[in-house]
Amino acid sequence: MTLFRLEAYKTFSRWRTYISFGVLALIVLMTEIVMRVSAREIIGSMMKAFQRDFIIAGNIVNAWFITAFIMNSLHFHIPFLITLVAGDMVSGEATAGTVRFLLIRPPSRQRILNAKYLTALFYTAGLVIFFAVLCVVLGLPLFGSGDLIMHRLGQFSVVFIPEAEIPFRMLLAFAAAIWSMTVVASLAFLFSTMAENSIGPIIGTMAVVICFLIFGNLPLAFFRHLKPFFFTTHMLLWQGFFDSSIRWLEIGQSALILGMHNAGLFLIASIVYRRKDIKS
Amino acid sequence: MEAVLKTFGLGKRFGMRWAARGIDLEVHRGDIFCFLGPNGAGKSTTIRMILTLLKPTAGTIQLFGKDLHKNRCSVLSRVCGIVEKSDFYLFLSAYKNLEILGSMTRRIKRDEVMEALERVGLIARAWDKVRTFSHGMKQRLGIAQALLTRPELIILDEPTTGLDPQGMKDVRELIQRLARDEGITIFLSSHLLSEIEQVATRMAVIHRGEMKAQGSVAELLASEAIDYAIQVSPIEAALRVMQGIPWAQVLSCGESMIEVRLEPGHASELNKLLIANGIEVASLYPRRTLEDFFLRVTKGVAEI
């Protein structure tokens, strides 16, 4: 616990850590302002297909809708922000030279690595929670509350979730979002154990995320067979909480696959770092 | 004499190249033990193995009589080290750096951090960020963090590298004070012979990854023939006396100075002999230095 406290202190003492929070705040703020100004136009284009057949009334563009809308971009910008810190967690010590002080202390490399990994997860969770709180806290006064009506992307269907159910579903969705983002953190952390500076882990992680997103969408039989095992396939598991009825089994399976990725990546990181010679 | 650090056949191979091989060190309690070698000789590699930064390819390490590999946590809590230059978290203050690094060994109180800073003369800069420190100040802060954990053995890898003359002197004095006043065993590597002559009680020489010599500085220097410069008058008579002595070899002769190589322990005997033969001896002093010794054991190819 002491090691975790020390790692967290170091991480949150650096201004670089807060870049991500600042960027997220800017994204949320800008999106909400733009939505406030041109909500009707956006809704019009999103619901175009339905407006011939349905009359949609009430406060559709409410805080929950905006939050879900912004969450859809989660797998693009948040992974990058996570890698800024998780990718630097171990390699940053090599860059700074502090690794030579750190690893000659009594705690084993594994214990130090555990503390660093926990800090990376803590930061990831903090970032997603900050994102959630900001969306809701800014959204409620700007757009008010209401039922959540969402158009499923790529499908001719509308999902309706009553207002009373939304806070609970939002909570679960953000918990799932944290879980999916921890895989990105684990990946960046693994690369961080292999590198001597943070540039490699940041670029490497983003390259892997982009590659797997592309592979998962290629219409080739080979990738279609592998797609169920790609972490990118399951990163949007949080969307399952915004279906008419929650498909627990599918969400559970996705969570399990992501968990296995986390465990596997951390195991490899541990093996790599415990065997690593510190030459820097 | 209790051995604080012992290595047995320690070796490290990078690819096909052995950076260090067959290193058998023995550091006794209270020693200021200097590990001497030219750049690239394998000093840092050996130190990194002792401090667990590198995994040895061969051999074992004992600290305080215990196997390092099997008792890592307990033995490393009694050791502290600085490998090459002292690097800290630049975005944190000197105080916070010491608190963080010290807390990894044991619970650290504020007063202990301040005391360590005071001992290295950095108390006035306790709350300044380390990024504003000079190289010398960082080295002293490095020693402060070593002291904070109350170690029995401090391992320093070229602690004066990059320091100005005053900084080098400060660090040397600090090392001597720690050994003399606090009984801390010091193991330090260096390629600076003058530094070793000034502080070392025992030393080992490493060259091209292999140990060349080990022992007390006085023993090593006294173990073989030593060159002396003798100022005498008349010089011809002195030469005649010396030519008949089996343990003296005249190396060169000037107007009033003779350079002679003597077997160990014969300097005073030669002095008496010259005086007994009516020769005036103005001075007789050894020209044998650590540098000669070092160049001899490294076969004169060392670049120091």
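**Exercise 1. Find which residues of H12(A) are buried in this predicted model, and what they pack against.**

Solution. Start with the list: the buried residues of H12(A) are A:Ile251, A:Ser254, A:Leu258, A:His261, A:Asn262, A:Leu265, A:Phe266, A:Ala269 and A:Tyr273. Next, recall that an α-helix has 3.6 residues a turn, so residues three or four places apart point the same way. Keep that in mind as you read along the numbering. Finally, look at the partners: the buried residues of H12(A) pack against helix H7 (109–143), helix H8 (166–194) and helix H11 (231–234) of chain A.

**Exercise 2. Check the span of helix H12 of chain A against its number of residues.**

Solution. The helix covers residues 248–275, which is 28 residues. At 1.5 Å a residue, the expected span is 40 Å. The end C-alpha atoms of H12 of chain A are 40 Å apart, so the two values agree.

**Exercise 3. Describe the fold of chain A and decide how compact chain A is for its length.**

Solution. Count the elements to begin with: chain A has twelve helices and two strands. Their order from the N terminus is α-α-α-α-α-α-α-β-β-α-α-α-α-α. The radius of gyration of chain A is 21 Å, close to the 19 Å from the globule rule for 280 residues, so chain A is as compact as a globular protein of that length. Along the principal axes, its C-alpha atoms fill a box of roughly 70 × 45 × 30 Å. Now turn to the interior: 39% of the 280 residues of chain A count as buried. As for contacts in chain A with a separation of 6 or more, 79% join residues 24 or more positions apart.

**Exercise 4. Locate the largest nonpolar core and its best-connected members.**

Solution. In soluble globular proteins, nonpolar side chains tend to be buried together. Here the largest nonpolar core holds 142 residues, and A:Ile82, A:Phe189, B:Ala144, B:Ile186 and B:Met203 touch the most other members. H8(A) gives the largest share of this core, 17 residues. Take A:Phe189 as a closer look: beyond its neighbours within four places in sequence, A:Phe189 contacts A:Ala86, A:Met89, A:Val90, A:Tyr117, A:Ala120 and A:Ala269. A second, separate core has 13 residues, among them B:Tyr228, B:Ile230, B:Leu262 and B:Leu274.

**Exercise 5. Work out what each chain brings to the contact between chain A and chain B.**

Solution. Chain B gives 24 residues and chain A gives 18 residues. On the chain B side, helix H2 (72–76) and helix H3 (94–103) are the elements that give two or more residues. By residue type, the chain B side divides into 13 nonpolar, six polar and five charged residues.

Conventions. Residues are numbered from 1 along each chain as its sequence is written. Chains are lettered from A and ligands numbered from 1 in the order in which they are written. This is a predicted model: local features need pLDDT of at least 70, side-chain atom pairs count only at pLDDT 80 or more; totals for chains, interfaces and linings use all residues. Two residues are in contact if their C-beta atoms, placed from the backbone, lie within 7 Å. Helices (H or I, at least four residues) and strands (E, at least two) are DSSP runs, numbered from the N terminus. Ala, Val, Leu, Ile, Met, Phe, Trp, Tyr, Cys and Pro count as nonpolar, Asp, Glu, Lys and Arg as charged, and the others, Gly among them, as polar. The radius of gyration is taken over C-alpha atoms; the globule rule is 2.2 Å times the number of residues to the power 0.38. A residue is buried if 20 or more other C-beta atoms lie within 10 Å of its own, exposed if 12 or fewer, and partly exposed in between; C-beta atoms are placed from the backbone. The expected span of a helix is 1.5 Å times one less than its number of residues. A nonpolar core is a set of buried Ala, Val, Leu, Ile, Met, Phe, Trp, Tyr and Cys residues joined through C-beta atoms within 7 Å.
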